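Reader: Could you take me through one part of this chain in close detail? I would like to see how a pair of neighbouring elements sit against each other, and then how that part fits into the rest.

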Amino acid sequence: MTFNNQQVIFAQECKSLPVPGEHLQVRGSSIDLDAPLADGAYIVKHLYFSIDPYFRHGLANFPPNIWGFQLGQVVRGVALGVVSRSSNPKYPQGAIVISQFAKGLFSEYSIIQGSEQEHYQVLLEDGKASKIPLSNYLGVLGVAGMTGYYGLFEHGKPKAGETIFVSGAAGGVGQLVGQLAKLHGLHVVGSAGTDEKVAYLKEIGYDGAFNYKKSDMGAKLAELCPNGIDLVFENDCHVRNQWS
């Protein structure tokens with residue numbers, strides 16, 4: 001069966017905010033889903049793609065080119081999908097797979113063969129057996145979640161009753177760190193770059209939050225952290241820049 005395979009193409013470099021249909025374009029490409037597969041090859045029907053902060057570097061085409069962006073080519077990133085056909089026993093039909101960093105093709109279907117066969121790992125041999133939404137494997141159980149959990153508990157060693165300050169708190173990592181810290185009994189304060197993000201932080205349980213672009217950071221931290229700060233989880237450089 002020949003299929004019009006929808007793909008996300010890196011069409012033009014972008015040094016500021018991307019314009020839909022200009023810098024990234026969705027284009028169709030013919031693919032035969034019934035053609036014989038090479039030995040060890042398999043077909044992935046992608047279900048979810050992870051849109052991550054490093055895309056800004058990829059769209060700007062900053063060197064070194066490790067971001068998965070090649071002009072005129074399909075964008076690469078972290079992708080999750082189901083194996084629809086396979087000649088590889090390690091990747092059986094019906095298995096849920098996830099790509100490595102900047103290795104998954106942002107296309108509806110991908111034929112994975114040759115040196116790319118090891119770019120995916122099997123999450124579940126039977127996707128129907130999952131008891132949680134599969135998209136969670138790109139979020140709270142993905143890179144952002146593992147970064148937040150490992151950084152907080154393995155490096156921060158938090159204790160109930162302590163105060164933690166999280167910069168870039170509304171991002172994928174920061175919002176998870178704040179909620180994990182709150183569940184662990186900490187007083188949680190965060191900063192973000194817009195008033196809307198500040199409001200969101202309070203909605204998800206932050207004890208205090210402020211817009212660092214509109215505030216004196218020292219004064220705000222003194223106000224929101226009256227007992228001092230025990231831990232700092234820094235997600236961006238504005239804390240270092242203002243305190244250095």
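Author: Happy to; what follows starts with a pair of helices, moves to the residues around them and then steps out to the whole chain. Please keep in mind that this is a predicted model.

Let us begin with helix 2, which covers residues 143-156, and helix 3, which covers residues 172-183. Their axes come within 8 Å and cross at roughly 50°. Angles from 35 to 65 degrees fall between the roughly parallel and roughly perpendicular classes, and helix 2 and helix 3 are therefore oblique to each other. The crossing of these two helices is right-handed.

Which residues of helix 2 and helix 3 make the contact? From helix 2 come A144, G145, T147, G148, Y149, L152 and F153. Helix 3 answers with G172, V173, L176, V177, L180 and A181. Sorted by class, this contact of helix 2 with helix 3 holds nine nonpolar residues and four polar ones, with no charged residues.

Now follow the chain out of helix 2. There you meet K157, in the loop between helix 2 and strand 10, the latter being residues 163-166. The phi angle of K157 is near 50°, a positive value in a residue that is not glycine. Is K157 buried, exposed or partly exposed? Its relative accessible area is 49%, and since exposed means over 50%, K157 counts as partly exposed.

On the helix 3 side, the UniProt record is worth a look. An unreviewed entry there places the feature "domain: Alcohol dehydrogenase-like C-terminal" at residues 172-235. Over residues 172-235 the chain is 45% helix and 20% strand. The end C-alpha atoms of this stretch are 10 Å apart.

Strand 11, at residues 187-192, contains S191. S191 has a relative accessible area of 0%, so this serine is buried. Its C-alpha atom is separated by 5.0 Å from that of S167, although the two residues are 24 apart along the chain.

For contrast, let me point you to two residues elsewhere. V75 lies in the loop between helix 1 (55-60) and strand 4 (76-77). Buried means under 20% relative accessible area, so V75, at 1%, counts as buried. Leaving aside neighbours within four places in sequence, the contacts of V75 include V8, I9, F10 and L24. Further along the chain, F55, G68, F69, G104, L105 and F106 also touch V75. From V75 to S29, 46 residues apart along the chain, the C-alpha separation is 14 Å.

The other residue is E118, in the loop between strand 8 (109-112) and strand 9 (120-124). With a relative accessible area of 42%, E118 is partly exposed. Not counting residues up to four places away in sequence, E118 touches K90, Y91 and Q100. E118 also lets you gauge the reach of the model: E118 and E223 are 105 residues apart in sequence and 51 Å apart in space, C-alpha to C-alpha.

Finally, the whole chain. The helix pair we started from belongs to a chain with six helices and 13 strands. Along its principal axes the C-alpha trace spans about 65 × 40 × 30 Å. Of the 244 residues, 42% are buried. Among contacts between residues at least 6 apart in sequence, 65% join residues at least 24 apart.

How values were computed. Residues numbered from 1 in each chain as written. Predicted model: local features only at pLDDT ≥ 70, side-chain atom pairs only at ≥ 80, totals over all residues. Heavy atoms only, no water. UniProt positions renumbered as here; feature names shortened; annotations may be inferred. Helix = DSSP H or I, 4+ residues; strand = E, 2+ residues; numbered from the N terminus. Axes fitted to C-alpha atoms, helices over the stretch in contact; angles between N-to-C directions. Parallel < 35°, antiparallel > 145°, perpendicular 65-115°, else oblique. Left-handed = near helix turned anticlockwise from the far one by under 90°. Contact = heavy atoms within 4.5 Å. Nonpolar A, V, L, I, M, F, W, Y, C, P; charged D, E, K, R; others polar. Buried < 20%, exposed > 50% of the residue type's maximum accessible area, 1.4 Å probe, protein only.
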